[in-house]
Amino acid sequence: MDSEQWAALKVEQRLEDYENQALDKILSQCYAEICRDSGNNYEPDFLKMTQTALNRQLKGKHYPKSILKAVLLQNSRKVLEGKARKLQ
């Protein structure tokens, strides 16, 4: 997502500053709404790569939980998995 899309979601650029529940909510919304500039959806593999890249970025910023594994962040994973299933 570009900075305009983040701004539309009212997301601060520093995701690592959010508590688990707030980050989970933001990621859920992001995953539900992410699409190409043309409005077309990304492929399921791209969605998973985006999630992995976000996790790597947060880990590099010393975020205490993994968005790929933490129970407190499971709702966002379910949203992403549901969207990926729908696109297959």
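Author: Let's start with a contact, which means heavy atoms within 4.5 Å. In this protein, take the contacts with a separation of 6 or more: residues 24 or more positions apart account for 56% of them.

Reader: Before we go on, what kind of model is this?

Author: It is a predicted model, in which local features need pLDDT of at least 70 and side-chain atom pairs count only at pLDDT 80 or more, while totals for chains, interfaces and linings use all residues. Residues are numbered from 1 along each chain as its sequence is written, and side-chain values use heavy atoms, with hydrogens and water left out.

Reader: How many helices and strands does the protein have?

Author: Both are DSSP runs, numbered from the N terminus: H or I over at least four residues for a helix, E over at least two for a strand. The protein has 4 helices and 0 strands, and its pattern along the sequence is α-α-α-α.

Reader: What share of the 88 residues is buried?

Author: A residue is buried under 20% relative accessible area, exposed over 50%, and partly exposed in between (1.4 Å probe, protein chains only). Of the 88 residues here, 35% are buried. The protein as a whole exposes about 6,000 Å² (Shrake-Rupley method, 1.4 Å probe), and carbon and sulfur atoms supply 49% of that area.

Reader: Let's try a helix. Which residues of α3 are buried?

Author: Look for Leu47, Thr50, Gln51, Leu54, Asn55 and Leu58. Seen down the axis of α3, they fall within an arc of 135 degrees (taken from the directions from the axis to the C-beta atoms), so they line one face of the helix. On the other side of α3 you will find the exposed Asp45, Met49, Arg56, Lys59 and Gly60. The cover over the buried residues of α3 includes α2 and α4.

Reader: How many residues does α3 have, and what should they span?

Author: The expected span is 1.5 Å times one less than the number of residues. For the 17 residues of α3 that gives 24 Å, and the end C-alpha atoms are 25 Å apart, which agrees.

Reader: And which residues of α4 are buried?

Author: Ser76, Arg77, Leu80, Lys83 and Ala84 are buried in α4. Their arc around the axis is only 130 degrees, which puts them on the same side of α4. Lys78, Arg85 and Lys86 are exposed on the face turned away from that buried side. Among the elements covering the buried residues of α4 are α2 (20–33) and α3 (44–60). Helix α4 itself (residues 74–87) has 14 residues and reaches 20 Å from its first C-alpha to its last, close to the 20 Å expected.

Reader: How many residues are in the largest nonpolar core?

Author: In soluble globular proteins, nonpolar side chains tend to be buried together. A nonpolar core is a set of buried Ala, Val, Leu, Ile, Met, Phe, Trp, Tyr and Cys residues joined through side-chain atoms within 4.5 Å. The largest one here has 16 residues, and Leu15, Leu23 and Ile67 have the most contacts inside it. Helices α2 and α3 each supply at least two residues of this core, and α2 gives the most, with 4 residues. Beyond four places in sequence, Ile67 touches Leu23, Leu27, Tyr31, Gln51, Leu54, Asn55, Leu58, Leu73 and Arg77.

Reader: Where is Tyr63 found?

Author: Tyr63 is in the loop between α3 and α4, and Tyr63 is buried because its relative accessible area is 8%. Leaving aside neighbours within four places, its contacts include Leu15, Tyr18, Asn20, Leu23 and Leu73. Asn20 is 43 residues away along the chain, yet the C-alpha atoms of Tyr63 and Asn20 are separated by 9.6 Å.

Reader: His62 is in that loop too. Is His62 buried or exposed?

Author: His62 counts as exposed, at 70% relative accessibility. Its backbone is worth a look: His62 has a positive phi of about 65 degrees although it is not a glycine.

Reader: Last one: how many aromatic pairs are there?

Author: Rings of Phe, Tyr and Trp (its six-membered ring) pair if their centres lie within 6.5 Å; planes under 30 degrees apart are stacked, over 60 edge-to-face, and the rest tilted. The count comes to 1 aromatic pair. Tyr42 and Phe46 form it, stacked at 4.1 Å centre to centre with 25 degrees between the planes. Phe46 is partly exposed, with a relative accessible area of 29%.
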